[in-house]
Amino acid sequence: MNSKRFDKETFKEAVKDNVKTLYRKKIEEASQQQIFQAVSYAVKEQIIDDWLATQEAYYQKKEAKMVYYMSMEFLMGRALGNNLINLTAYTEVKEALDEMGLDLNAIEDQEPDPALGNGGLGRLAACFLDSLATLNYPAYGCGIRYRYGMFKQRIKDGYQVEAPDNWLKEGYPFELRRPEYAKEVRFGGSVRFEKDPETGRDKFVQEGYESVRAVPYDMPIVGYGNHVVNTLRIWDAEAITDFQLDSFDRGDYHKAVEQENLAKNIVEVLYPNDNHYAGKELRLKQQYFFISASLQALLAKFKREHGNDLSKLPDKVVIQMNDTHPTIAVPELMHLLIDEEYLSWEDAWEITSKTCAYTNHTIMAEALEKWPIDLFSKLLPRIYQIIQEIDRRFVEKVRAKYPGNDEKLKKMAILWDGQVRMANMAIISGFSVNGVAQLHTEILKNQELKDFYEMMPEKFNNKTNGITQRRFLAHGNPLLADWITARIGDGWITDLSQIARLKPLVNDEQARREFMQIKHKNKIRLAKYIKEHNGIEVDPHSIFDVQVKRLHEYKRQLLNILHVMYLYNQIKEHPEMSFYPRTFIFGAKAAAGYQRAKETIKLINSVAEVINNDRSINGKIKVVFIEDYRVSNAEMIFAAADVSEQISTASKEASGTGNMKFMLNGAPTLGTMDGANVEIVEEVGMDNAFIFGMRSEEVIRYENHGGYNPIDIYFSDWELKRVIDQLMDGTYAHGDHNMYKNLYNSLLNTQCTPRADMYFILKDFRPYAEAQKRVEEAYRDEHRWSRMAMMNTACCGKFTSDRTIEEYVRDIWKLHKVEVTVEEE
Ligand SMILES: *Cc1c(COP(=O)(O)O)cnc(C)c1O
């Protein structure tokens, strides 16, 4: 659509025609939603030619190897604006719509956020798809078309209330149903073994199963200015036979209803847990459903294009498994190769183990998937048999290497203690295991996965996460994007290392002033959003101190709000004390069943209510909880942030990617030496970040020795003690003494949690408060702060997902770039 192919007048006509054919209306009569649909279809029309051309180019270039990125989550965010950015047509379309009296921003706001993911892991998958397309790499994303994505969060009386996210209600213009590629997926029943009378081979036949029809919907993934359009393929479930009311006996009727229900249930809703495993049967069904469908489609496509010699599969296809959720791909691929393609175990294993690669996203025990064997073997009898055989062969190897060492099996076997351990299966079966930041990968190698690392060191590698600057700068912060382009050209959009050219400008006072003026304008934009959504007035001249991410104990939103309570006490006690005005901004969804997380949200809102309404402090502190944190408002929040709160307990946050989005938008990190924060500091320098608290080795040392005792700190720091006591004295609960009892107990009561203060909040409190003092001091010095802010933007080149993808390609996927050329009319 860049240059000649895009024509403003044609586009305007297309929008008008779409309103007419879709709604039988004139443009003046159409609703905003109808206009959004009409505009989106006009954009999709432009995308389709490139989409066809891309698939044709991949087909022609038969050596083109393809990555299949398998993920239970794709947190895409809105497509319209992002597609226009990547088509390099945003400005022209905005102008065209302007001329029609339409506002592109208002139209964009009509799009529901496709929120088919929880948080960082799902957003990473979305950033990777953007980078793959932009870097000309053949790729499919494979996932589930949940009818309901991440719930909508409402705050009522300070409490989180979940509402369903019916994102498909109005119809989603950027998806394409592909019934011609539907596949059958089977559950349950039993496996019968027979000898094939002709070949004499073992044959495994699944009987008495239930099945559903998996129907793919494709979404275009537009590369930036290169005519590449890749595909995100998400699977819907339908009943295998639309049951016909005229021809059934009683048995068929029940079976038909059951299959109808199974189909409806499987893709009904995304599990809203982040970094937490619940062990629900339906979740395992979801996993097998989309993996089986994706692999069947993958093999069919391979055979169409490359013929029946499946030994070539690893040369043409690589499967990346995003966490343990899709690792059932290993036994499913074995099953398809052995039972459907009649390969021997050895041949199937050779292919599978060269095709599958696994990304580890966490070391936290509660997040590791371990399925009860009885549940697993009932739902997937044949898959379970295959896992038993993989395990049997592996155990034999371990016994040979470490005779008589049962500790090794206890750690590494797949089947243990009545459970199927998915991470172990992925590590044993794949050819690559990667962590997502340097520190995380080191902890995997030296602690959590030490035994595996010693046995198969060649599999382990690091791929530090990244984010796409197309969404989180070009689209989310247009003022800064245009300013950077005016200063250093637009090369940064596809080569973020060029952003380092801003470094010399850090010493240019005029440049710094302009940079901070843009930050100020973005703060005004966010203040307006807060006024509209929360009814709270915030001062854009105050420090915007932001913590937005999923609510989790390890991320320590509690540490942040306890510190706000502490500051408030101080200001009340010493009204004369000098204090730079601060706006503490939070945004976070809690998993629906996570009590402590929900209590923390209530606490933040209650503290906000008390502080925001206390006239006596002259608005020195404001606390804002932004409802329904999601990709679309995230883009605006990052652009407006002064301070990036990244305060997880060291060793717990595998990487973090929010930290990178803040950095890109010129907000220094206030954080621990955890995840990718370590690498951020490496790039930007200690002077341009605010680092505090325990290091990961220290945390791990305590954990290996049964924790620590927070009571000593509680009794030796009276200001901290007072804050913690305020959880129980009704200060923030209209006199209710029980409202925050769970939080209080989590910090102090050794009876209540596995350990008191598992996340070292008391231990890190003073270091955090001191780091916050340093933030204030730095902010008061305008020159110093503008330098720091700009340095963060200038030094974030490493954290583009383009860099991450090039590393995956070089070390794991071995893909080749494919050029797509399109005839210009
Ligand atoms: C980037 C992002 C996340 C991940 O944030 P972390 O701070 O790394 O946990 C979660 N949700 C949304 C909407 C995001 O854009």
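Let's start with helix H19 (residues 478–488) and helix H20 (residues 509–534), whose axes come within 9 Å and cross at roughly 160 degrees. Keep in mind as you look around that this is a predicted model. An angle over 145 degrees counts as roughly antiparallel, so H19 and H20 run roughly antiparallel to each other. The crossing of H19 past H20 is right-handed. On the H19 side, the residues to pick out are Leu479, Leu480, Trp483 and Arg487, and they meet Gln510, Ala511, Glu514, Phe515, Ile518, Lys521 and Asn522 of H20. Sorted by class, that contact holds six nonpolar, two polar and three charged residues.

Now move along to H21 (residues 557–573) and H28 (residues 718–725). Their axes also come within 9 Å, but here the crossing angle is roughly 110 degrees. Angles of 65 to 115 degrees count as roughly perpendicular, and that is therefore how H21 and H28 sit relative to each other. H21 passes H28 in a right-handed crossing. If you want to see who touches whom, look for Leu562, Met565, Tyr566, Asn569, Gln570 and Glu573 in H21, which meet Trp718, Glu719, Arg722 and Val723 in H28. Five of the residues in this contact are nonpolar, two are polar and three are charged.

For a third pairing, go back toward the start of the chain, to helix H1 (residues 8–23) and helix H4 (residues 90–99). These two pack at an angle of about 60 degrees, with their axes 10 Å apart. That angle falls outside the parallel, antiparallel and perpendicular ranges, so H1 and H4 are oblique to each other. Their crossing is right-handed. H1 brings Lys8, Glu9, Phe11 and Lys12 to the contact, while H4 supplies Glu92, Val93, Glu95, Ala96, Leu97 and Glu99. There are four nonpolar and six charged residues in this contact, and no polar ones.

That leaves the ligand. Around it you'll find Gly119, Gly120, Val548, Lys549, Lys555, Tyr629, Arg630, Val631, Gly656, Thr657, Gly658 and Lys661. A few of these are worth zooming in on for their polar contacts. Lys549 uses its side chain: one of its polar side-chain atoms lies 2.7 Å from an oxygen atom of the ligand. Thr657 uses its backbone, with a polar backbone atom 2.8 Å from a ligand oxygen. Gly658 likewise has a polar backbone atom 3.0 Å from an oxygen atom of the ligand.

Technical notes
Residues numbered from 1 in each chain as written. Predicted model: local features only at pLDDT ≥ 70, side-chain atom pairs only at ≥ 80, totals over all residues. Heavy atoms only, no water. Axes fitted to C-alpha atoms, helices over the stretch in contact; angles between N-to-C directions. Helix = DSSP H or I, 4+ residues; strand = E, 2+ residues; numbered from the N terminus. Parallel < 35°, antiparallel > 145°, perpendicular 65-115°, else oblique. Left-handed = near helix turned anticlockwise from the far one by under 90°. Contact = heavy atoms within 4.5 Å. Nonpolar A, V, L, I, M, F, W, Y, C, P; charged D, E, K, R; others polar. Near = heavy atom within 4 Å. Polar contact = N/O pair within 3.5 Å; in protein donor to acceptor, adjacent residues only side chain to side chain.
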